[in-house]
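Here is a set of questions and answers for a reader who is meeting this structure for the first time. Please look at the sequence and the model before reading on.

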Amino acid sequence: MGNADVSDAAVKQITEMGFPEEQAIQALRATGGDVNEALNLIFQGADFSQGQELLQQDAQLPDYVDPGYNYQVDEKRSIPIESGLINDKIQPPSYEQEENPPPVPPRQNRPIHIEDIQHRSQSEVSLSDSGYLPDSETYKYQQQLQVEPEYSIYEDLTKYQKPDDAPSLLMPVRNGVLESYLNPFLTVLHSIPAFRKAVYNQTFETLGFHPRWYKGELINVPDGTAIKAKNGETYDLRFLLEVQRIFAFLDGDSGRYFASMNNFIRSFPKIAQKKFGSIDNIYEAYAVFYSVLASQLDVSGSGNALSFFESELEDLADANKKFGMFHVEAEELKGDLYSTLHSILWGDDLDNQQFLSKLSDVMTMSFEPSYDETIISKGVLISEKFYPQIYTTDFKETISELLEERNSFDKKKRLISRELLNLRAFNGKHVSSILSTSIEFLSSELKNLNEEDKELADAVKDLESIKADNHEKIISLTDKQNTLQDEKAKINPYDVNAIFKRHGSVPEPYLLTGVILSNNEFYFLRKVKEDLIDLEQNQNQWIRVLYEPKYGNDLRCSVSSFEEVQRVVHATTQGQYETSLVLIYVKESTWTTEVEYEVPESVTNFIAKDKLELEKSLELLASSTDEELSDEEGDEEEDGNGMEQSAGVTNQEGEISLKGNDENSEDKENAPPTY
């Protein structure tokens, strides 16, 4: 082929997917021969004519910019394609102008996954991974790449302190699918008292600290801090340590509004990251997360943490099958949760019954999208309270009785239907019509006779009697059939109230606590302190979180309601939805029951340090705001317009603006708050 710098096999692998040979060669050259990375470049629409120039520019920059440090430039390091800082150079392909878009392999065109993040030392962390650059260095770096600076919440001091009634929020490192789905799940788990106790059960000497940890800077923890010996074995609990850090932040005591998940993502054990390398779906990613967290909690002495996540299925072979999530394909999705799980566990005809021998305290369901254009979902209606106990062995006898009665009604209805068929038709002809025609003919003949024919008259009377009797039997059997249908409706196995009535008791409900719509939008149920907000009947509040979709460097947060969540889920699952949707239900007592536990000293020390750092940031903000206001007042005096200056406020983009009259102030007062 004459391309000594790339292998023929690699070029062939890409061209067989429908891409031009020259494009394949350029992509392979730009990525050092890595086929997967080359495909990522192609799918992102990379302009390879600028590739060498960008590589040369990038080679002059260190991975992590820290003023005063003498960096050694690594000439071999490739350009950070997924950094988010140069994605403006790489535009996605426009398939609208192509009649036949190139074939898409199952994984290479996926959004960024957690498995893309490899274990690296702090000196190897790229600019985008760290999420932090001093303002001057950010500007220089972006100027070198000829990219306009993007807004980043990490550099907006006005967003550092959370409003008094707002929750603390986690920021994804990048808007990759898997890490963005772990983010809201951790937020929900933090609200479970028993789970917080399990996480805080392990004490560490220190959690370590970095002044810019919330921006994603890696925290150096002293050697041996996260190492624990048990039964002659040593275990590295750095992952559990980072979960403690996340929970400490979500407690909200530092007053900080947001924080990056970078340290948590980086703490996944290497074996877990290796597993992520072969994962394409959410339910498998959650299984890895469950396994890692449960194993570390077990080492810490918190008991069997898998009980929070793991259910057991009693299959037909009487062998228990463990699983952590109900996985629902698009073609299995019905109009509501019960119909969906009925179909999955019991079959469409309810004749293949499988029951759960154990039900976890935290129950998750994933609705996976379909790539089959013929599968069109009508939308699923979710409920605020869910009773998955009807699928457990405790309800097996009740369900079996209901199904037996249901089947007996069906058998009786079939017998009646067969009898009705015999009364209505004979040899393919309608019995009533035959009788009516016969009676009409004989009656006519009887009238035409000059003298009375007693036998013919008796025959007409017999036929009329048979017709009337046949009609009465049809009415009677039809009434019986309708009665059976009404009785059957009372024992409908799709009606949970009928199941509870037959069972004699109503089990404890599971509460909907989280809905993940996509990798950049989710809802979660927040517990609110009584002194913060008046929620009338309960102290739960639905919160909507929306991340800036491209780089994940900004967020929006607002108060919502279950009605909105229900409506959005139904709308999202209509037609052909494109991303996985996850529902998180938690057993009511697990969600509401408070437990006593002690927060480790290392956690309180970490929060105290972070609180001081936040105060420094706020002091810097106050001083800069005072300077801007002084400059504005000076300009106003020079203009001599005599107009009174309004107070400076900060808008959603983090810019200082003037507070003026709001024509829609009344509507805004009635609208849910946006933080």
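Q: Is F289 buried or exposed?
A: In this predicted model, the relative accessibility of F289 is 0%. Since a residue counts as buried under 20%, the word that applies to F289 is buried.

Q: Which parts of the structure does the aromatic pair of F185 and F289 tie together?
A: The search of the whole structure finds 31 aromatic pairs, and one of them joins F185 and F289 in an edge-to-face arrangement, with 5.9 Å centre to centre and 70° between the planes. F185, like F289, has 0% relative accessibility and counts as buried. The two residues lie in separate helices, so the pair ties together parts that are 104 residues apart in sequence, namely helix α7 (residues 177-190) and helix α12 (residues 282-299).

Q: Which residues do ring pairs link into a cluster with F185?
A: A pair of aromatic rings is described by the distance of the centres and the angle of the planes. Following such pairs from F185 leads to a cluster that also holds F195, F239, F247, F264, F268, Y286, F289, Y290, F308 and F309.

Q: What does the side chain of N183 reach at 2.9 Å?
A: N183 lies in helix α7 and is buried, with a relative accessible area of 0%. Leaving aside its neighbours within four places in sequence, N183 is in contact with L170, M171, P172, M261 and Y547. With Y547 there is a polar contact between the two side chains, at 2.5 Å, while the partner at 2.9 Å is the backbone oxygen of L170.

Q: Over the face of which residue does R256 lie?
A: A charge can be placed relative to a ring by its distance from the ring centre, and for K412, which lies over the face of F409, that distance is 5.8 Å. For R256 the distance from the ring centre is 3.8 Å, and the ring belongs to Y214.

Q: Which residues of helix α1 are buried?
A: The face of helix α1 turned away from the buried side carries the exposed residues A9 and K12. One residue on the buried side is V11, which counts as buried at 1% relative accessibility, and its C-alpha atom is separated by 5.8 Å from that of A24, 13 residues apart along the chain. The buried residues cover an arc of only 100° around the axis, which puts them on the same side of α1, and they are A10, V11 and I14.

Q: How many residues of strand β19 (residues 581-587) are buried?
A: Strand β9 (residues 362-367) runs antiparallel to β19 and is joined to it by six bridges, with M365 standing opposite L583. Strand β14 (residues 510-518) is also antiparallel to β19 and joined to it by six bridges, and there Y510 has K587 as its bridge partner. Strand β19 is largely enclosed by the rest of the structure, because its buried residues number six of the seven.

Q: What is the phi of N231?
A: Most residues other than glycine have a negative phi. N231 is found in the loop between β2 (227-230) and β3 (233-236), and it is exposed, with a relative accessible area of 73%. Although N231 is not a glycine, its phi is positive, at about 55°.

Notes:
Residues numbered from 1 in each chain as written. Predicted model: local features only at pLDDT ≥ 70, side-chain atom pairs only at ≥ 80, totals over all residues. Heavy atoms only, no water. Phe/Tyr/Trp six-rings, centres within 6.5 Å; stacked < 30°, edge-to-face > 60°. Helix = DSSP H or I, 4+ residues; strand = E, 2+ residues; numbered from the N terminus. Buried < 20%, exposed > 50% of the residue type's maximum accessible area, 1.4 Å probe, protein only. Lys NZ or Arg CZ within 6 Å of the ring centre and 35° of its normal. Arc of directions from axis to C-beta. Pairing = 2+ DSSP bridges. Polar contact = N/O pair within 3.5 Å; in protein donor to acceptor, adjacent residues only side chain to side chain. Contact = heavy atoms within 4.5 Å.
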